[in-house]
Structure formats: structure tokens, C-alpha cells
Amino acid sequence: MNYLAHSFLSFTDGQIVGQFLEDFIRNKDRFSFPKDIQDGITLHRAIDTFTDSHPAIYEAKKVFSPLVRLYAGAFVDVSMDYFVANDLSLLSLAGWKAHSLRVYKVLNEHEQWLPENLKRMLVKMEHDDWLYNYREDWGIKFSIQNVLNKAQYLGKDIPVFEAFLDNKNILQECYYDFFPDLQSHVSGINSLLQLENDV
């Protein structure tokens, strides 16, 4: 799962911050944050572990693995955000716009906890409204190219976006087979976290 899904699968402002921080911090630093942010880090890891082991994600990776081999999971994560953003059973268009604005606001309000590289990314993310624009083909093309640009062992012109377009129906089926299971799993993890917090 990518940025939109991680932010959507958060139950508090602190969890949103933690979900974003996970990709930017060392493991040993996680305990230096307030408990609600730590809970977001925990949720992020639970989401990634569950996602990596789900059979629908295994099938989705087959779309990209001939092109990018072990990087297939990263492109599946980006692709899933497209289907999350277009899932009007989760939120309306106005609801997704409001969600995106809320995430930017929360991250800016917790700027003291953000490392510099995340702050720089947030400026670009908010300016171009990445979260809301994941619903567009061009938004996903931009994200796919970002992954290609950052990947040390991949060429920058591999036709990953074309594979996404050509296999959109297959990927959408994988999304519908997968995302409700992920929501249930995350709700269970959050319930355990709240029980811990109440002790």
C-alpha cells in the first residue's frame, strides 16, 4: 500500500503521522515519538506485512514482475492507491478531497516530528495534491515514474505505466479481493492498540 491507503487506514491524527514516518526513520528511533505516532508506525508495518502475504497481491505482482522482478511489489503498492482513490464505496469525491486536505494539515501541524526529507516531500505532495490525484491515470504515471527514478537497479524508461494500463481490470479485481480483508485486519490491530493504551 502507498501513501493514500496508509493515511486512509489511520484512526487518529497521530497514526497518520506515524504511517508516513515509517518509511523515513530507523527502527531504533520509533520509540522516540509519542505513543499515538508509534501506533501509526505499528499500523504501517502491520499493513505491509499483511499486504505482502495476501494471495491477491501475489497475483497482482505478476503484472509487473516480468518487467521489474523484485520491485513488482512497489508498483503494486502504487497501483492499489489508484483503486483506493476511485473507490466511492469508501468515500465520495468530496470526501476524498477532504481526506487529502486533512492529511496535509495533520502532517504540517506535526512538523516537529518530521525529518527533513519528509518535509521536502510534503511540500511537493501538498502542492500537486498527490493524494487526491492518485485517482487519475496521470497521477499514477507520475508515481510510477518516481519509483523508477529512485530504484537503483531499474532503467528509467521501463514501460511499467503501460503495463498498469493494459492490466487495469486484473489489478482492480485484485484490489477488490484484497482491500476488504486489509480493512478488517487493520481494524483488529487498531482495537488491540487501543486496549494497550487503555491499560
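The expected span of a helix is 1.5 Å times one less than its number of residues. Helices (H or I, at least four residues) and strands (E, at least two) are DSSP runs, numbered from the N terminus. This is a predicted model, in which local features need pLDDT of at least 70, side-chain atom pairs count only at pLDDT 80 or more, and totals for chains, interfaces and linings use all residues. Residues are numbered from 1 along each chain as its sequence is written, and side-chain values use heavy atoms, with hydrogens and water left out.

Q: How do you know that the length of helix α9 agrees with expectation?
A: Helix α9 covers residues 137-150, which is 14 residues. The rule of 1.5 Å a residue gives an expected 20 Å, and α9 reaches 20 Å from its first C-alpha to its last.

Q: Why does the span of α6 count as agreeing with the expected value?
A: With 17 residues, α6 should span 24 Å, and its end C-alpha atoms are 24 Å apart; the two values therefore agree.

Q: What makes the span of α3 agree with expectation?
A: The 19 residues of α3 should span 27 Å at 1.5 Å a residue, and its end C-alpha atoms are indeed 27 Å apart. Among the buried residues of α3 are I37, D39, H44 and T51.

Q: Why is S100 called buried?
A: Buried means under 20% relative accessible area, exposed over 50%, and partly exposed in between (1.4 Å probe, protein chains only). S100, a residue of helix α6 (residues 93-109), has 1% relative accessibility and therefore counts as buried. With contact meaning heavy atoms within 4.5 Å, S100 is in contact with D129, L131 and Y132, leaving aside its neighbours within four places in sequence.

Q: Why does L107 count as buried?
A: L107 also stands at 1% relative accessibility, so it counts as buried. This residue lies in helix α6. Apart from neighbours within four places in sequence, L107 is in contact with I16, V17, F20, L114 and L122. From L107 to L67, 40 residues away in sequence, the C-alpha distance is 35 Å.

Q: Which elements do the buried residues of α6 pack against?
A: They pack against α1, α2 (13-21), α5, α7 and α8. The buried residues of α6 include W96, H99, V103 and Y104.

Q: Why is P180 called partly exposed?
A: At 39% relative accessibility, P180 falls in the range between the two cut-offs, so it counts as partly exposed. P180 lies in helix α11 (residues 168-198). Its C-alpha atom is separated by 23 Å from that of G14, and the two residues are 166 residues apart along the chain.

Q: Why is R69 called exposed?
A: R69 has a relative accessible area of 69%, and it is therefore exposed. R69 is found in the loop between α4 (55-68) and α5. Its phi is near 55°, a positive value in a residue other than glycine.

Q: Why is D129 called buried?
A: D129 has 8% relative accessibility and so counts as buried. D129 lies in the loop between α7 and α8, and its phi, near 50°, is positive in a residue other than glycine.

Q: Which residues have the most contacts inside the largest nonpolar core?
A: A nonpolar core is a set of buried Ala, Val, Leu, Ile, Met, Phe, Trp, Tyr and Cys residues joined through side-chain atoms within 4.5 Å. The largest one has 67 residues, and those with the most contacts inside it are F20, F64, F75, I144, F164 and F179. I144 is one of the buried residues of α9. Leaving aside its neighbours within four places in sequence, I144 is in contact with F75, V78, V160, F161 and F164. The buried residues of α9 pack against α5 (72-85), α8 (130-133) and α10 (160-166).

Q: Which residues does K168 touch?
A: K168 has its place in helix α11. It touches Y82, F83 and D137, not counting residues up to four places away in sequence.

Q: Which residues lie nearest the centre of the largest pocket?
A: On a 1 Å grid over the protein atoms alone, a pocket is an open set of points where a 1.4 Å probe fits, with protein on both sides within 12 Å along at least five of seven lines; lining residues have an atom within 4 Å of a point. The largest pocket is lined by 26 residues, of which N2, Y3, D23, V147 and K150 lie nearest its centre. Two or more lining residues come from each of α1 (3-8), α3 (35-53), α5, α7 (116-128) and α9. The largest share, 5 residues, comes from α9.
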